[in-house]
Amino acid sequence: MTSNKAKEINKKEKLVGKKFGKLKVLSVYKKGKYKKYKCICDCGNTTDVYYSNLISGRTVSCGCKGAEIANRYKNIVGNIYHDLIVEEKTEKREDGL
């Protein structure tokens, strides 16, 4: 008879080869008392991800997806919106937005 712990390990190892967002699982290894997954991103970078972050969807790329999102915000200096002209980009606000 297989123990519950062995079933859990086998379930986690079955993720090898599966895709989560832009990440494809290459291998699994133990980091302390937790399992981590070595993944390759669609962009070619590799990254290590904890099991819970991978299956919850919290981690879906090596970080390149965040860069893609940041690049969407274009420079609007010089644009006119009704009676307003954008003169310059300001620094990040204190509240982080």
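**Note on salt bridges, cysteines and a surface patch**

1. The structure holds two salt bridges, and it should be said at the outset that this is a predicted model, with the contacts below computed from its atoms.

2. One of the two salt bridges joins Lys19 to Asp42, and in this pair the closest N and O atoms are 2.6 Å apart. Lys19 belongs to strand β1 (residues 19-20), while Asp42 sits in the loop between β3 (34-41) and β4 (46-50), so the contact ties together parts of the chain that are 23 residues apart in sequence. With a relative accessible area of 47%, Lys19 is partly exposed.

3. Asp48 and Lys38 form a salt bridge as well, here with 3.0 Å between the closest N and O atoms. This pair also links distant parts of the chain, since Asp48 is in strand β4 and Lys38 is in strand β3, 10 residues apart. As for solvent exposure, Asp48 is partly exposed at a relative accessible area of 29%, and Lys38 is likewise partly exposed, with a relative accessible area of 29%.

4. How many disulfides does the structure hold? The count is zero, and the sulfur distances of Cys39 and Cys41 can be set against the cut-off, which asks for a pair of cysteine sulfur atoms within 2.5 Å.

5. For Cys39, the closest cysteine sulfur is that of Cys41, and because the two sulfurs are 9.4 Å apart, they are too far from each other for a bond. Cys39 has a relative accessibility of 0% and therefore counts as buried.

6. For Cys41, the closest cysteine sulfur belongs to Cys64, at a distance of 3.6 Å, which is again too far for a bond. A reader who looks at Cys41 and Cys64 in the model should therefore not count them as a disulfide, because their sulfurs are 3.6 Å apart and the cut-off is 2.5 Å. Cys41 is buried too, with a relative accessible area of 5%.

7. Turning to the surface, a nonpolar patch is formed by Ile76, Tyr81 and Leu84, which together have about 290 Å² of accessible area. Of these residues, Tyr81 lies in strand β5, which covers residues 80-81. Is Tyr81 buried, partly exposed or exposed? Its relative accessibility is 40%, so Tyr81 counts as partly exposed, and that value is over the 30% relative accessible area that patch residues need.

Conventions. Residues numbered from 1 in each chain as written. Predicted model: local features only at pLDDT ≥ 70, side-chain atom pairs only at ≥ 80, totals over all residues. Heavy atoms only, no water. Patch = residues over 30% accessible without salt bridge, like charges linked within 9 Å, V, L, I, M, F, W, Y side chains within 5 Å. Areas by Shrake-Rupley, 256 points an atom, 1.4 Å probe, with all protein chains shown as cover. Salt bridge = Lys/Arg side-chain N within 4 Å of Asp/Glu carboxyl O. Helix = DSSP H or I, 4+ residues; strand = E, 2+ residues; numbered from the N terminus. Buried < 20%, exposed > 50% of the residue type's maximum accessible area, 1.4 Å probe, protein only.
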